[in-house]
Amino acid sequence: GARRGVGGVRVGAGGGDAAATHAARLFGSGPEERVHRALSRVQAMLGHQGVLTPAVGGGRWLAERQRLVPWGDVAADLRTGERPWPGSLPDPLPTTVFAEGMPVAVLDADGDMIAVDARGEPTAVPAAIELGGRRRGIRTWAGPWPVIERAWDPERARRAHRFQVVDVSEGAWLLVCEEGVWQIEGRYD
């Protein structure tokens with residue numbers, strides 16, 4: 001009556017194809033026909049918005065640049081990446097982008113919180129970040145780079161500063177300071 005867990009798994013090749021039969025697909029000639037047919041069938045069952053694929057759009061903030069486009073459609077909205085977006089982050093972009101900024105504290109050598117002054121300069125040299133109750137020393141940092149949106153519209157105006165930080169364990173982060181509040185916008189993996 002006693003049941004046992006899995007004792008082992010054996011994986012082996014069931015057959016092989018010549019690499020040349022797949023080479024064109026590996027280097028960007030479009031989706032494989034079988035994948036296209038399968039996703040089109042699922043889309044037919046679930047509706048046009050049932051199967052979405054990621055695309056990069058325009059915008060200053062990483063989270064707003066992410067688009068989900070229905071399978072087979074071209075991302076054809078006005079917010080494309082080809083238009084100029086002053087204040088947007090140039091390549092290489094972080095590999096992990098948080099839809100909502102993660103709270104973080106940026107501290108100086110004395111453990112005091114750093115801010116960005118009216119001239120756009122940090123009030124002290126960043127020495128550590130505190131994330132989830134854990135403090136990590138900063139090995140190197142760059143910034144700040146201002147992001148200013150809609151300065152002419154007091155209700156929708158937004159002013160922030162970006163920093164790139166590498167901590168002592170080689171974690172690389174994209175931080176944003178807006179109105180004295182720090183958040184992580186992305187992580188370089």
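Is D189 buried or exposed? D189 is exposed, with a relative accessible area of 63%. I shall return to this residue later in the talk, in the section on salt bridges.

Good morning. The structure before you is a predicted model, and I will begin with confidence. The mean pLDDT of the chain is 81, and 78% of the residues score at least 70. Confidence is highest in strand 4, at 96, and lowest in helix 1, residues 23–26, where the mean is 50. Where pLDDT is low, the predicted coordinates should not be read in detail.

Let me turn to the sheet. Seven strands form an open sheet in the order 3-9-8-7-6-5-4, and their pairing is antiparallel. Strand 3, residues 96–103, and strand 4, residues 105–107, stand at the edges. Each of these two has a single partner strand, so one side of each is left without a neighbour in the sheet. From one strand to the next, the twist averages 35 degrees.

I will now go through some of the pairings. Strand 3 is joined to strand 9 by 4 bridges, and the two run antiparallel. Here P103 has Q183, in strand 9, as its bridge partner. Further along the sheet, 9 bridges join strand 6 to strand 7, again antiparallel. In this part of the sheet, T140 stands opposite V166 of strand 7. Strand 6, residues 134–149, is also joined to strand 5, by 4 bridges, in an antiparallel arrangement. L131 stands opposite R134 in strand 6. Strands 5 and 6 make a hairpin with 2 residues between the strands, and in this hairpin G132 takes a positive phi near 60 degrees.

Next, the interior. The largest nonpolar core contains 15 residues. Which of them touch the most other members? They are V104, I129, L175, W182 and I184. Four elements give two or more residues to this core: strand 5 (128–131), strand 7 (158–167), strand 8 (172–178) and strand 9 (181–188). The largest share, 3 residues, comes from strand 8.

I184 deserves a moment of its own. Leaving aside residues up to four places away in sequence, I184 touches F98, G101, M102, V104, L131, W173, L174 and L175. Two of these contacts, V104 and L175, are themselves among the core residues that touch the most other members. L131, which we met opposite R134, is also one of the contacts of I184.

Finally, the salt bridges. The structure holds 7 of them, and I will describe three. The first is between E185 and R162, whose closest N and O atoms are 2.9 Å apart. E185 lies in strand 9 and R162 in strand 7, so the pair ties together parts that are 23 residues apart in sequence. Both E185 and R162 are buried.

The second joins D153 and R156, with the closest N and O atoms 3.0 Å apart. R156 is partly exposed, at a relative accessible area of 49%.

The third brings us back to the opening question. D189 meets R187 through their side chains in a salt bridge, at 2.7 Å from N to O. R187 counts as partly exposed, at 29% relative accessibility, whereas D189 is exposed, at 63%.

To close, I would ask you to keep three points in view: the antiparallel sheet with strands 3 and 4 at its edges, the core of 15 residues with its largest share from strand 8, and the buried pair of E185 and R162. Thank you.

Definitions and conventions:
Residues numbered from 1 in each chain as written. Predicted model: local features only at pLDDT ≥ 70, side-chain atom pairs only at ≥ 80, totals over all residues. Heavy atoms only, no water. Core = buried A, V, L, I, M, F, W, Y, C linked by side-chain atoms within 4.5 Å. Buried < 20%, exposed > 50% of the residue type's maximum accessible area, 1.4 Å probe, protein only. Contact = heavy atoms within 4.5 Å. Pairing = 2+ DSSP bridges. Axes fitted to C-alpha atoms, helices over the stretch in contact; angles between N-to-C directions. Salt bridge = Lys/Arg side-chain N within 4 Å of Asp/Glu carboxyl O. pLDDT = per-residue confidence, 0-100.
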